[in-house]
Amino acid sequence: MERKNSKEIIDIEKLPDHVVIEIFIRTGVSDWTQISCVKKQWASLFRTECFWQAALSHIYPFTNPSQTLPGPIPPGLAKRRFMALHISEQIFGCDPDIQVDEIVGHGYLFLKEQLQLSIMPPHSGILHGTMIDQFIGCGKSRDVAHELASRVWLAVLDNLEENHHTFCLLKRLAQEGDQVFLPYPYTRSIKVQWRVFEKLFTDFRDCFNHEVDYYDMLACAKSRFQPIPSAWLGY
C-alpha cells in the first residue's frame, strides 16, 4: 500500500501545470488555502494569472474575461475579478446560476481595503461617493446605487476584524457623520450610520479608555438618533 501511494504521488508530481490547475479548480474554493500549503510548486500556481483565468472560466462561465467596467474602481486582473464574484455570491447572496453582480464585489473589496489602511483612510464621504459613481457608471439608477452602497457598507462593517484599529476607525466614522451637505445619493444611509454606533456600543464597548470618551461618543449618537437603544447605555 505504501509503495502504491508513493507511486501515485510521483505520478501527480509529473503532471504538467495546466493539468494540475484543472484538478485544483474542480475542488472547493474553501480548500484552496490548504492545498497551497502542501507544496511550494502548488502554492506558486495559485499566484499565476493562468490559474485565476481558468477558475473564472470554470466557476463563473458566464463572465466575459475581456470585459471592462466603467467607473473609478478598476476591475483588476483575473484574481481580483474572481474575488469580486465570489464575494458577491457568498456575502451578498447573488445566485451564480443567474447573474452575479460583479460590481458589488468590487465595491466591497475597494471599501474594505481603503478602511483597513494602516495610515489614515480617506474620508468616508469620498469612499461612499466613489462607490456611488461606480454603480451609476455601470448603469445603475441613483436609488439602486444608494441601496447597493448601503449593502456594501453594512457588509464591510460586519466583516472588519475586532481590533484596536477597527475601534479607532469606527470612532472616526461616527464623528465624521455628514459634516457637509451632499445631495442624494452621495450621503451614507441612516442604516449605515446606525450600524457604526451599534458596533461601537456593543462589540467595542470595552475598548473605551475612560468615561469622557464614552459619553462624548454617546452624545454624538444622541444628536443623530432618538431614541437610542438601552443596550447602548452604561459605561
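The legends below describe close-up views of a predicted model.

**View 1. Helices H10 and H12 pack against each other.** Helix H10, which covers residues 164-176, and helix H12, which covers residues 211-222, have axes 10 Å apart and pack at an angle of about 40°. That angle makes H10 oblique to H12, because angles that are neither roughly parallel (under 35 degrees) nor roughly perpendicular (65 to 115) nor roughly antiparallel (over 145) count as oblique. The crossing of the two helices, H10 and H12, is left-handed.

**View 2. Side by side, residues of H10 meet residues of H12.** From H10 come Phe167, Lys171, Ala174 and Gln175, and these meet Asp213, Met217 and Cys220 of H12. Sorted by class, this contact of H10 with H12 holds four nonpolar residues, two charged residues and one polar residue.

**View 3. Two peptide bonds that lead into a proline are cis.** The bond from Tyr184 to Pro185 is cis, with omega near 10°, and Pro185 lies in the loop between H10 and helix H11 (190-201). Gln226 and Pro227 are likewise joined by a cis peptide bond, with omega about -5°, and Pro227 belongs to the segment after H12.

**View 4. The largest pocket has a volume of about 290 Å³.** Its lining includes Val29, Trp32, Phe46, Trp52, Lys79 and His86. Helix H3 (32-36) and helix H6 (78-90) are the elements that give two or more residues to the lining of the largest pocket, and H6 provides the largest share, five residues. By class, the lining of this pocket divides into seven nonpolar residues, three polar residues and one charged residue.

Conventions:
Residues are numbered from 1 along each chain as its sequence is written. This is a predicted model: local features need pLDDT of at least 70, side-chain atom pairs count only at pLDDT 80 or more; totals for chains, interfaces and linings use all residues. Side-chain values use heavy atoms; hydrogens and water are left out. Axes are lines fitted to C-alpha atoms, for helices over the stretch in contact, and angles run from 0 to 180 degrees between N-to-C directions. Helices (H or I, at least four residues) and strands (E, at least two) are DSSP runs, numbered from the N terminus. A crossing is left-handed if the near helix is turned anticlockwise from the far one by less than a right angle, and right-handed if clockwise. Contact means heavy atoms within 4.5 Å. Ala, Val, Leu, Ile, Met, Phe, Trp, Tyr, Cys and Pro count as nonpolar, Asp, Glu, Lys and Arg as charged, and the others, Gly among them, as polar. On a 1 Å grid over the protein atoms alone, a cavity is a set of points where a 1.4 Å probe fits but cannot get out, and a pocket is an open set with protein on both sides within 12 Å along at least five of seven lines; lining residues have an atom within 4 Å of a point. Grid points are joined across faces, edges and corners, and a volume is the space filled by probe spheres set on the points.
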